[in-house]
Amino acid sequence: MPETGPTPADWAAAEALIRELPPDGRVLLICHVNPDGDALGSMLGFGLGLRRLGVRRMQATFPGPPEVPEPFRGLPGLDLLVPATEAYPDPDLVICFDAASESRLGELVDRLDTAGAALVLDHHASNTRFGGVHLVDPRAAATSVVAEQLLARCGVPLDAGIAECFYVALTTDTGSFRFDATTPEVHQLAARLLATGIRPGEISRRVFDTRPFGAVRLFGEVLGRARLEPAAAAGRGLVWTWATLDDLARHDQRAYVLEALIDSVRCTAEADVSCVLKQTAPGEWAVSMRSKGAVDVSRVAVALGGGGHRFAAGFTGRGAAEEVVAAIRGQLDTALIPTAVG
Ligand code: AMP
Ligand code: MN
Ligand code: MN
C-alpha cells in the first residue's frame, strides 16, 4: 500500500475543483458512516472554509440515521448537516471525508456517479482510490490535516469555527496527541488552531470526558466480562469483550457511547491486540481492533472485509461473538509485524 502523499498534480487538481466551482454550484460533503470526530470535524471544518470562500449552496451529510453523537453536538457548522435522504441527488461537486472505501459511504455511494466531480480527502493507507481526484495522505494523522492544507492552498484563513472542528478531528485521531502519528507537524497545526482562541479544555471535556451515568455502569458490566488470551497472536496476547443491543437497552444508552470502550480495553498490559464487538443487529457486529505495535490490525480487518490503519482498524463481523473472535484469532499470526533487527 502506498505510503506517499498526494502529488503536486493531485493538489492542483483538487484546488482547481474548488476554485472553478460556479457561483451557484451545489457542493455535497459526505463523511463515513457512524461518523467519528475526524469524519465530522474534517467535513464541517472544510464546509465552513468553503462558506468563507463564498460557496452558498452546500450540504453536509453521512449515511444511515441522521443522528450526531452527543460528544459532537457542539461542533460549529452543524447547520450544514442534512439527513442522507435529503442530500442533493446530483451535486456539481461531491467531497468525501475520512472514508477509506466506497462501502463507508453507504446509500450515498451513488453520488460518486451522479455528481459532476468527486474529490476524496482521506488518510487511510487502505484507501481504495475511489472517486475522481484523490488527496489521500497515509502519513497524515487525521483527514483534517489534509483538509486544512487544501483550505490554505485555496487562501482560506483559519477562524475559530473551522479551528474547533479541525481540533476535534486532530485530537480524536491522535488519541489526544498520544499516538505515534503525533508528529511535529501535528503540534504545529494544533498551535495554529489554538491561536484562533478556541478552548481546548472545554472541547476535550465535551468530546472525551463526558458520558451519562448509565454509560459508566454499562462500561463496568462490559469491561467485567472481558477475556484475556495470552497465547493469541503468537504469545503477544489478545483481550476482547462485547456489548449487545440488549446491554444498551438495559442501560438506556445509545450505540455511540460504546465508541470509547476500546480505549479502556486496550490498556490491558498483558495483550498487544485488543478488540471490542459492538452488536448492530442480531448476528452483526461493528468490530474495533487496536494493536500496541506487534500486529498490523488493518491486515486482519482487510482480510475480514473491513479496513483502517496499522494499529487501529475495524470491520463488520457476522455470526456469534465467539465466531467473529475465532476469525480474528485465525488472522493474527499472519498479521504479525516482523521485528526490526540490528
Ligand atoms: P474504530 O474502531 O471504529 O474507531 O475504527 C478504527 C479504524 O478502522 C478507523 O480508521 C476506521 O476508518 C476503520 N474502520 C472501522 N470499521 C470499519 C469498517 N467496517 N470498514 C472499513 N474500515 C473500518
Ligand atoms: Mn474516521
Ligand atoms: Mn481519520
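This short talk walks through the metal site and the ligand 1 site of the structure above.

Please keep in mind that this is a predicted model. I will begin with the manganese ion, ligand 2, which is coordinated by H32 through NE2 and by D36 and D98 through OD, at 2.1 to 2.3 Å. If you follow these donors along the chain, their spacing reads H-x3-D-x61-D. The pair D36 and D98 links distant parts of the chain, since D36 sits in the loop between β1 (27-31) and α2 (37-52), while D98 sits in the loop between β3 (93-97) and α3 (111-114), 62 residues apart.

D98 also bridges two metals, the manganese ion that is ligand 2 and the manganese ion that is ligand 3, and these ions lie 3.8 Å apart. Are these two aspartates buried or exposed? D98 has a relative accessibility of 3%, which is under 20%, so it counts as buried, whereas D36, at 25%, counts as partly exposed.

Let me turn to ligand 1, which has 13 residues around it, with H124, S288, R290, G307 and A313 coming nearest. A polar side-chain atom of S288 is 2.6 Å from an oxygen atom of the ligand, and a side-chain N or O atom of R290 is 2.9 Å from an oxygen atom of ligand 1. G307 takes part through its backbone, where a polar atom lies 3.3 Å from a nitrogen atom of ligand 1. Taken alone, ligand 1 exposes 480 Å², and the protein buries 81% of that.

Which strand gives the largest share of this shell? It is β11, with 5 residues, and by character the shell divides into 3 nonpolar, 8 polar and 2 charged residues.

Notes
Residues are numbered from 1 along each chain as its sequence is written. Chains are lettered from A and ligands numbered from 1 in the order in which they are written. This is a predicted model: local features need pLDDT of at least 70, side-chain atom pairs count only at pLDDT 80 or more; totals for chains, interfaces and linings use all residues. Side-chain values use heavy atoms; hydrogens and water are left out. Donors are N, O and S atoms within 2.8 Å of the metal (3.2 Å for Na, K and Ca); water is not among the atoms, so sites may look incomplete. Helices (H or I, at least four residues) and strands (E, at least two) are DSSP runs, numbered from the N terminus. Buried means under 20% relative accessible area, exposed over 50%, partly exposed in between (1.4 Å probe, protein chains only). A residue is near a molecule or strand if one of its heavy atoms lies within 4 Å of it. A polar contact is a pair of N or O atoms within 3.5 Å; within protein, one must be able to donate a hydrogen and the other to accept it, and residues adjacent in sequence count only if both atoms are side-chain atoms. Accessible areas come from the Shrake-Rupley method with a 1.4 Å probe; for residues, only the protein chains shown count as cover. Ala, Val, Leu, Ile, Met, Phe, Trp, Tyr, Cys and Pro count as nonpolar, Asp, Glu, Lys and Arg as charged, and the others, Gly among them, as polar.
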